[in-house]
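Dear colleague,

I am handing over the structure below, and after it I set out what was found in it. Please read the notes with the coordinates open beside them.

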Amino acid sequence: MIYLCLAIMRMFPARKIRNSKQARMERGRMNQADQTGKTGKVIQANQEGVSPDEVLKEIKERPTRRWNWARRVLLALLAVVLVALAGMGVWLADYYHADGVYDRVAQQAVSLEVAQNKSEIVVGDRKAQTGIVFYPGAKVDPAAYMPLMLRLAKQGYYCVIVKMPVNLAVLKAGAADSVIARHRSVSRWWIAGHSMGGAMAAQYASKYTDQLQGVILLAAYSTQDISRTKLAVLTIYGSKDGVLNRAHLAKYKKNLPVTSQQTVEIPGGNHARFGDYGLQKGDGTATISRANQQSQTAAAIVGFIREHQVTNGR
């Protein structure tokens with residue numbers, strides 16, 4: 001598509017408008033040459049027995065034919081762009097829903113804060129000193145992770161789920177900045193994420209290590225090198241996960257700190273059951289319940305954070 005656009009641009013080169021005497025003389029010479037060319041064609045046509053009127057008509061129609069061809073190309077290009085945009089719109093609109101989850105968690109969160117606005121969902125202990133910023137997986141309703149965050153909030157954490165543009169964390173990897181700035185009562189922050197959200201959480205952590213205690217990756221890996229940072233990193237995935245690329249999980253393990261990273265595999269767990277959004281395309285079949293997987297996940301996270309706080313005194 002880019003090459004086609006360049007080709008079209010070359011068809012219509014930009015012309016500088018000059019009013020100088022030299023420019024007028026150049027235009028005069030071009031007109032004279034054009035007339036000379038037409039005269040030559042007419043003489044040649046007479047010699048070949050072709051009507052001069054037909055020759056002049058053909059000469060006049062040439063620019064029109066060129067413009068018609070260019071117009072067809074432009075219309076075809078526009079059609080391709082519109083189809084691509086329509087396809088992208090359909091793809092983005094087809095996301096994993098979490099219908100009714102927000103209301104259900106709000107009812108269960110006795111004495112805890114549950115609130116949302118256009119940029120985030122909060123499920124947390126108002127007295128918490130430790131917060132967790134959570135980046136959702138690609139095309140997943142952020143409310144789907146509220147049940148897991150509720151389990152963490154009940155253990156004394158302040159959890160903030162970020163609402164990403166069109167449910168894609170890759171479009172706003174720096175969202176944790178505004179979360180940390182808004183919730184100043186929290187003194188220690190961890191960043192977590194599921195799938196693509198985990199990869200983007202690690203990307204954020206690689207740039208703002210001083211603002212964080214560590215990173216929690218759910219069915220995710222870090223393509224950014226954070227091996228030399230002071231961050232603690234916990235990776236959790238299910239043994240039945242059919243979406244997570246295991247080869248990449250192994251390949252990018254080198255990007256994690258050697259002495260402060262831990263990996264937990266949940267037997268029978270899959271990709272989608274870290275959240276509450278139903279089945280996910282390509283995922284394996286879990287042999288444990290969603291509640292069981294989330295319970296084990298929350299226990300692993302709480303244990304890891306507490307161990308880190310004891311070891312490092314923060």
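Gly193 of strand β5 has Leu217 in β6 as its bridge partner, and this pair belongs to a parallel arrangement in which 5 bridges join β5 (residues 188–194) to β6 (residues 214–218). Please keep in mind that the model is predicted.

These two strands are part of an open sheet of 8 strands with mixed pairing, in the order β1-β2-β4-β3-β5-β6-β7-β8. Its edge strands, each paired on one side only, are β1 (113–116) and β8 (261–266), and neighbouring strands are turned by 15 degrees against each other on average, with direction ignored.

Towards the β1 end of that order, β1 and β2 form a hairpin with 3 residues between them and pair in the antiparallel sense over 4 bridges, Val114 having Val123 in β2 as its bridge partner. Val123 is also the bridge partner of Cys159 in β4, where β2 and β4 (residues 158–162) pair in the antiparallel sense over 5 bridges. Because 5 of the 5 residues of β2 (residues 120–124) are buried, that strand is largely enclosed by the rest of the structure; Glu120, Val122 and Gly124 point one way from it, and Ile121 and Val123 the other way.

As for the helices, α7 (residues 196–207) lies across β3 (130–135), β5 and β6, running at about 145 degrees to β5, while α9 (residues 290–312) lies across β3, β5, β6, β7 (232–238) and β8, running at about 165 degrees to β7. Helix α5 (residues 146–153) has 7 of its 8 residues buried, so it is largely enclosed by the rest of the structure.

With best regards

Definitions and conventions:
Residues are numbered from 1 along each chain as its sequence is written. This is a predicted model: local features need pLDDT of at least 70, side-chain atom pairs count only at pLDDT 80 or more; totals for chains, interfaces and linings use all residues. Side-chain values use heavy atoms; hydrogens and water are left out. Buried means under 20% relative accessible area, exposed over 50%, partly exposed in between (1.4 Å probe, protein chains only). Two strands pair if DSSP finds at least two bridges between them. Axes are lines fitted to C-alpha atoms, for helices over the stretch in contact, and angles run from 0 to 180 degrees between N-to-C directions. Contact means heavy atoms within 4.5 Å.
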